[in-house]
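Here are some exercises to work through with the model open beside you. Try each task before reading its solution.

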Amino acid sequence: MITTTHIWQALEEVKDPELPHVSVVEMGIVRDVQLEADRVHVKMTPTFSGCPALDVMRHDIAAKVRELGFTQVTVETVLHPPWTSDWIADSARDKLQQLGIAPPIRHGGNLIPIAFLDVATCPRCGSSNTILKNAFGPTLCKSLWYCHECQDGFEQFKAL
Amino acid sequence: MNAHHQSALAQKLLFLADDELILAHRNSEWTGHGPILEEDIAFTNIALDEMGHAATWHRLRQELTGEEVDTAVFFRDPAAYRNVQLVELPNSDWAFSMLRQYLFDVYELVHLAQLAASSYRPLAEAAAKIRIEEIYHLRHTAAWVTRLGLGTAESNQRMQAALDTHWPYAHQLFVEMPEDAVLAEMGTAVSPTSLLDEWQQITTAHLTQANLIIPTNHTPPTTDRADHTDHLTSLLAEMQSVARQYPTAVW
């Protein structure tokens, strides 16, 4: 008998296509899983509204649930409460760090000071002797930084 | 919600979606042509954000009208678009695009703060979501307004020329359409006219600090969102060409 716990576990295998190894569950993108008789309803929420990976994730989530044997699967996109980078789990923060991406600073709902603070710790050497080079990066969710210690660039996942 | 109210709301969502989509398309024309690599990346990101916001508004409209998002975007003729003329003007120099985005960003933040209090929940939720993302836009464009306004004589002169062009056009954003009046009465959305004072205060303070002179002409060339310049026709011809040539294509 498959329960919602099994579905959540299966969804841990669905990765964010722009952040390999990080799952949609760890990212806080999957908000709810409902199982009623043989119907599964998944609620997901977009990180950045314009993220081109959203459609891929929506498709992959539905496909993963179908793999468990369900034929009636719906994936609903919800906007409330709005996704925040604070929901990114510690496990995902560690993975981001290993990928060379500084995890976002937790802001506890008070984003504006963080968005203007310009602080990032280099994911390679741990130095905070860093400088923001561009608030926009290769994907909507990342900014570009330079570490004066490593003398090399790195990315930070933007706080949202 | 009665039919009259619902049709006004669907039309308002079209105003929101079309402004964002056409501005996004104009900004996307900078991709590969930015003055420096960082700005090429930044403007492309901003364009993508605005396109995502347009899609968000269109999805809300689809819930009301049943019209598919792609149909609304790719198979609607210029005469049926409801964006303001500000966003359809063709790009010229970097100052022109940066200043337009700045004026629009301030409008959006002021507008979204009000829409987030809408009695129509899907509208309120979408506005709250989009508003958070817009923080990064205004931070970026406001900094460039300062940098270019206080930069060299040439950068200041180019920004002033851009401001002189955009200022009257930007005022169309605050013209109340008949649908706005219906929605304001129902508490669904504020009238854009009520946002004008705050927008003028914020932009005037910032632009003045950047050594720019506020134009005296506040009269937009049109007050009807159904009126467009010929520039929209050529923009849509390009944007819609692939979808119209291959209407059954999936990607």
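Four exercises follow, each with a worked solution.

This is a predicted model, in which local features need pLDDT of at least 70, side-chain atom pairs count only at pLDDT 80 or more, and totals for chains, interfaces and linings use all residues. Residues are numbered from 1 along each chain as its sequence is written, chains are lettered from A and ligands numbered from 1 in the order in which they are written, and side-chain values use heavy atoms, leaving out hydrogens and water.

**Exercise 1. Work out the make-up of chain A.**

Step 1: Start with the secondary structure, taking helices (H or I, at least four residues) and strands (E, at least two) as DSSP runs, numbered from the N terminus. Chain A has four helices and nine strands.

Step 2: Read them off from the N terminus, and the order is α-β-β-β-β-α-β-α-β-α-β-β-β.

Step 3: For the extent, the C-alpha trace of chain A spans about 55 × 25 × 25 Å along its principal axes.

**Exercise 2. Describe how the two domains of chain A meet.**

Step 1: Domain 1 covers 4–77 and domain 2 covers 96–157 of chain A, with bounds from an automatic or database domain assignment. Their C-alpha centres lie 27 Å apart.

Step 2: Counting contacts (heavy atoms within 4.5 Å), domain 1 of chain A gives nine residues and domain 2 of chain A gives eight.

Step 3: Now take buried area, the accessible area (1.4 Å probe) that two parts lose on being put together, summed over both. It is about 670 Å² between these domains of chain A, with 85% from carbon and sulfur atoms. On the side of domain 1, Glu18(A), Leu19(A) and Phe48(A) supply 63% of the area buried against domain 2.

**Exercise 3. Characterise the interface of chains A and B.**

Step 1: The contact takes 26 residues from chain A and 21 from chain B.

Step 2: About 2200 Å² is buried between the chains, 66% of it from carbon and sulfur atoms. Lys129(B), Tyr136(B) and Arg139(B) lose the most area in chain B, together 35% of what that side buries.

Step 3: Look for salt bridges (a side-chain nitrogen of Lys or Arg within 4 Å of a carboxyl oxygen of Asp or Glu). The count between the chains is one: Arg139(B) pairs with Asp118(A), the closest N and O atoms being 3.0 Å apart.

**Exercise 4. Find which residues join helices H6 and H7 of chain B.**

Step 1: H6 spans residues 121–149 of chain B and H7 spans residues 153–170.

Step 2: H6(B) contributes Trp144(B), Val145(B), Leu148(B) and Gly149(B), while H7(B) contributes Ser155(B), Asn156(B) and Met159(B).

Notes: Axes are lines fitted to C-alpha atoms, for helices over the stretch in contact, and angles run from 0 to 180 degrees between N-to-C directions.
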